[in-house]
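I opened the model to record what surrounds the ligand, how the sheet is built, and where one loop residue sits. My entries follow in that order.

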Amino acid sequence: MDKNLLAQREKQAAKIIVNLNRRKMAGSFVPTAEAVRAEVLSLIPSPARVIRCGSESAGGLGLWAAIAAKPGVTLMDPYAPGLSKEAALDVRRQGLLADVMVASTNAITLDGRLVNLDGTGNRVGAMIFGPTKVILVVGMNKVAWDLDAAYARVRTVAAPANNIRLAEAYGLKNPCLEDGRCHQCMSETKICNIWSVIEGSAVKDRIHVVLVGEDLGF
Ligand code: SF4
């Protein structure tokens, strides 16, 4: 990526990490998507059970295979091929008791707040309580100026894009699939049900945010 943009993002990430620390969360910065794997693997203890929480940010990096290959680590994967809907739901339930959760966030504010919008709530549920360690892989494209900008980012980018990603698999019939923008619908197949804003962590450093210089996910 452009070296000036990378330098700007690195400076911005340094400030975000200071603000995460003030909220009793940890943070680190890696410049490239390529560097994410090693960083995340270094944060996962062994032995550990790790729950995968549907992150597009992590998905393209070969991260899940690398986690599953780490000695002593068991990957709990609700997206494993061949799993029935019921079995996948059961993995998600069991995942609330995992040692480590790996996911992303829909937006992060400059002052270190994590903003998410979920369909079923297993992802935000586990972020808030359950797994001993939460590792979030977050491209700097998800940084928002403040809480209002974070909500707007989720509505204008993350939620419609996730609808397009999931439309076929889940038979979605939501208005954003037509024109790519959120209508704040009440559709039967709506995937936007639960907002969460994480302002801080009761347990110091339970949540670790890996900020990535390159764009990652949506
Ligand atoms: S239109 Fe409905 S399903 Fe689509 S992003 Fe908005 S609330 Fe979510």
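Entry 1, ligand. I note that the model is a predicted one. I listed the residues around the ligand and found 14, of which Ala159, Cys176, Cys182, Cys185 and Cys192 come nearest. I then sorted this shell by class: 8 residues are nonpolar, 5 are polar and 1 is charged. I also looked up which element supplies the largest share of the shell; helix α7 (residues 147–170) does, with 3 residues.

Entry 2, sheet. I traced an open sheet of 6 strands, paired in parallel, in the order β1-β10-β7-β4-β2-β3. At its edges I found β1 (26–30) and β3 (73–76), each of which pairs on one side only. From one strand to the next, I recorded an average twist of 20°.

Entry 3, one strand pair. I followed β4 (residues 100–103) alongside β7 (residues 133–139) and counted 4 bridges in the parallel sense. For Met101, I identified Val134 as the bridge partner in β7.

Entry 4, helix on the sheet. I found helix α2 (residues 36–43) packed on the sheet, where α2 touches β1, β4, β7 and β10 (207–212). Between the directions of α2 and β10 I noted an angle of about 170°.

Entry 5, loop residue. I located Gln184 in the loop that runs between α8 (176–179) and β9 (194–198). Is Gln184 buried or exposed? I entered Gln184 as exposed, because 10 other C-beta atoms lie within 10 Å and the cut-off for exposed is 12 or fewer. I finally checked Gln184 against Val203: the two are 19 residues apart in sequence, and their C-alpha atoms are 34 Å apart in space.

Methods. Residues numbered from 1 in each chain as written. Predicted model: local features only at pLDDT ≥ 70, side-chain atom pairs only at ≥ 80, totals over all residues. Buried ≥ 20, exposed ≤ 12 C-beta atoms within 10 Å, placed from the backbone. Near = placed C-beta within 6 Å. Nonpolar A, V, L, I, M, F, W, Y, C, P; charged D, E, K, R; others polar. Pairing = 2+ DSSP bridges. Axes fitted to C-alpha atoms, helices over the stretch in contact; angles between N-to-C directions. Contact = placed C-beta atoms within 7 Å.
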